[in-house]
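Here is a set of exercises to work through with the structure open beside you. Try each task on your own before reading its solution.

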Amino acid sequence: MTRLTVAQALVRFLAAQYTERDGARHRLIGATWGIFGHGNVAGIGQALVEYADEMPYHQGRNEQAMVHAAVGYARQSNRLSTHAVTTSIGPGATNLVTGAALATINHLPVLLLPGDTFATRPADPVLQQLEVPYAGEVSVNDCLRPVSRYFDRISRPEALIPAALAAMRVLTDPVETGAVTLALPQDVQAQAYDWPEEFFRERVWRVRRPRPDTAELDAAVRAVRAATRPLVVAGGGVKYSGAEAALRTLAERARIPVASTQAGKGALPYDHPCDVGGIGHTGTATADALAATCDLVIGVGTRYTDFTTASGTLFPEGVRFVNLNIAGFDAHKLGALPLVADAREGLTALTEALDGNGVDGYRTDNLSWVFSKEQWQERTDAAYAAPDEDARPTQPQVLGVLDTLVGADDILINAAGSLPGDLHKLWRTRSSDQYHVEYGYSCMGYEIPAAIGVALAAPGRPVWALVGDGTYLMNPTEIVTAVQEGLPIKVVILQNHGYASIGGLSESVGGEGYGTAYRHRAPDGTFTGAPLPVDLAANAASLGMRVLTARTVRDLREALADARSSTVPTCVYAETETADTVSGAPPAQAWWDVPVAETATRSSAVKAREEYDRHVTARRRHL
């Protein structure tokens, strides 16, 4: 038996946990992020000092951002490793909720260790305690229950043993994984207990690769053989499973085009003959045209969000679905034939079952998407082109310049605004992990802290955080963390003086762009046309970043090349030109359902409703 505090025991336990898949072992909890206050400084804080040699520590500036950094690390590690995050009680704990929701929605593991109020209640209430008249055991940490895949409150020392083991089980389960919360009352953290030595032994959690059921596989094979126009939709599950080679083999042998969701983009490189780019509302015309005419959709590791299905308007009436997914919940969506299995194992089994049976898919003499794909590349070239090197760049031109500089090792991170749409349509992904766009929660402020997590998981690789001005203002503080850690992330700030993406959406749904631009307010309450005198470049510099300002395309080319080779955290700041004056990205190729006011007096809303009614009639239920 070993006598330790609860916090010390937890840190020692976490340092001894590993995952194993395909014979490769990975440390499960690579480090712990923390901001200390009452509720964790004397417990987890002291334990991290006690075992500093066993558990690395990173200091954060914002609790939500610490979760984003841990999620970025987990995603770059293909969910085989993650970080823990510890906070004080009260606002420190509630600041975790957004990050937890993002992790759980995206099926990415992260361990949350918020401090909690006293279990023994020596004084009631204590500082930052939420008093609930009908439930004395409730605290603000209960806000984390609906956004956690597992939640427990460690109210007695011995309760840590089953809770810690359950937490590791969920973190390493590819079906269940997401945010895991162990709420730690501050008095219990400091309590000593005699722990069995076995609790601290090295423990390996094997990440399973379930194979498909024989009957389900037979049904899937029959569906593929019967199809004349099949289409694969590759989701994030392809990448988390490491199934890229298996997908390539199926696509090549059966000659089936592969479209990708935001999470799945990069499952095939952009120049592979079978890759047709992003699908859905932010997809390419090539992929969406194939989706509109296909007779079978083979979904691999996708949740089928409304962006992927164009809110139920993309796929034709009568189309059939085969869904290969490790989660039965997702495999059964859209009335599909389910193929519940690990993506790599399922694709391999499907290919083997189809081999030698004359499954041609789109025959080589009818690869209709090839010409369409070439046309889309021409549209991409046009959006990227910058005929005047001395002009202010558009947002697509920024991507075009970056496209000429990056290699397969570069990693691009984005989450919100208009950039996800432009990237999904236009970006030419060179490697399976180059494209890191968080679009399950589309959380503004994710990019910079996630870049830190990715840089920790992939040292030596160029990591780019692409942010608009609105996103930057949400969460710039982890720049200080990058400086402190000496991580040479590259932050590209695109200034367009407002929420451009939601502004465009507002215009299209009758909102007239109201409240989406950063403008001076006149004494009468109206907004003037003059932008606010905000200097985001100076702000980034004040937080310790090296800043390069690009006023023209020529400047931008030089600045991005400089940033890519920089060994210190570097920011490239550029004010972008609007698409009203020069060519921008191609418009959305498919619909997205944003309900419009059914009655209104303003003509913009009336016209928007007419357009909405026209589109909504195309919605289908695939049963």
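**Exercise 1. Find the loop that holds Arg79 in this predicted model, and decide whether the residue is buried or exposed.**

Solution.
- Step 1: Look between helix 3 (63-76) and strand 6 (82-87); Arg79 lies in the loop that links these elements.
- Step 2: Read the relative accessible area of Arg79, which is 15%.
- Step 3: Buried means under 20%, so Arg79 counts as buried.
- Step 4: Check the backbone too. Phi of Arg79 is near 70°, a positive value in a residue other than glycine.

**Exercise 2. Say where His107 is found and what its phi is.**

Solution.
- Step 1: Go to the loop between helix 5 (97-105) and strand 7, where His107 is found.
- Step 2: Its phi is about 55°, positive although His107 is not a glycine.
- Step 3: The relative accessible area of His107 is 22%. Partly exposed covers the range from 20% to 50%, so His107 is partly exposed.

**Exercise 3. Which residues does Tyr73 touch, leaving out those up to four places away in sequence?**

Solution.
- Step 1: Place Tyr73 in helix 3.
- Step 2: Collect its contacts: Gly30, Ser81, Thr82, His83, Gly453, Val454, Leu456 and Ala457.
- Step 3: Compare sequence with space. Tyr73 and Ala458 are 385 residues apart in sequence, and their C-alpha atoms are 8.5 Å apart.
- Step 4: Finish with accessibility: at 14%, Tyr73 counts as buried.

**Exercise 4. Describe the largest nonpolar core: how many residues does it have, and which of them touch the most other members?**

Solution.
- Step 1: The core has 50 residues.
- Step 2: Val85, Val110, Leu112, Ile489 and Ile493 touch the most other members.
- Step 3: Ask which element gives the largest share of this core. That is helix 18 (residues 447-457), with 6 residues.
- Step 4: Take Val110 as an example. Not counting residues up to four places away, Val110 touches Val67, Ala70, Val71, Thr82, His83, Val85, Ala103, Leu171, Gly178, Ala179 and Val180.
- Step 5: Now look for a separate core. Apart from the largest one lies another, of 37 residues, among them Val6, Leu10, Leu28 and Leu113.

**Exercise 5. Explore the loop between strand 7 (110-116) and strand 8 (150-153), starting from Arg145.**

Solution.
- Step 1: Arg145 has its place in this loop, and Pro125 lies there as well.
- Step 2: Check the peptide bond from Asp124 to Pro125: it is cis, with omega near 5°.
- Step 3: Return to Arg145, which has a relative accessible area of 42% and is partly exposed.
- Step 4: Leaving aside neighbours within four places in sequence, Arg145 is in contact with Phe151 and Arg153.
- Step 5: Pick a distance to try yourself. Arg145 and Ala219 are 74 residues apart along the chain, and their C-alpha atoms are separated by 38 Å.

**Exercise 6. Which residues are in contact with Pro269, and which with Leu543, once neighbours within four places are left aside?**

Solution.
- Step 1: Pro269 is found in the loop between strand 13 (258-260) and strand 14 (275-278). The contacts of Pro269 are Arg248, Asp275, Thr429 and Arg430.
- Step 2: At 18% relative accessibility, Pro269 counts as buried.
- Step 3: Leu543 is found in the loop between helix 22 (536-542) and strand 24 (546-550). The contacts of Leu543 are Tyr472, Pro476, Ile479, Val480 and Val483.
- Step 4: At 23% relative accessibility, Leu543 counts as partly exposed.

**Exercise 7. Step back to the whole chain: how many helices and strands are there?**

Solution.
- Step 1: The chain has 24 helices and 25 strands.
- Step 2: Its radius of gyration is 25 Å, close to the 25 Å that the globule rule gives for 623 residues, so the chain is as compact as a globular protein of that length.
- Step 3: Of the 623 residues, 57% count as buried.
- Step 4: Consider contacts with a separation of 6 or more: residues 24 or more positions apart account for 76% of them.
- Step 5: The accessible surface comes to about 24,700 Å², and 51% of that belongs to carbon and sulfur atoms.

Notes:
Residues are numbered from 1 along each chain as its sequence is written. This is a predicted model: local features need pLDDT of at least 70, side-chain atom pairs count only at pLDDT 80 or more; totals for chains, interfaces and linings use all residues. Side-chain values use heavy atoms; hydrogens and water are left out. A nonpolar core is a set of buried Ala, Val, Leu, Ile, Met, Phe, Trp, Tyr and Cys residues joined through side-chain atoms within 4.5 Å. Buried means under 20% relative accessible area, exposed over 50%, partly exposed in between (1.4 Å probe, protein chains only). Helices (H or I, at least four residues) and strands (E, at least two) are DSSP runs, numbered from the N terminus. Contact means heavy atoms within 4.5 Å. The radius of gyration is taken over C-alpha atoms; the globule rule is 2.2 Å times the number of residues to the power 0.38. Accessible areas come from the Shrake-Rupley method with a 1.4 Å probe; for residues, only the protein chains shown count as cover.
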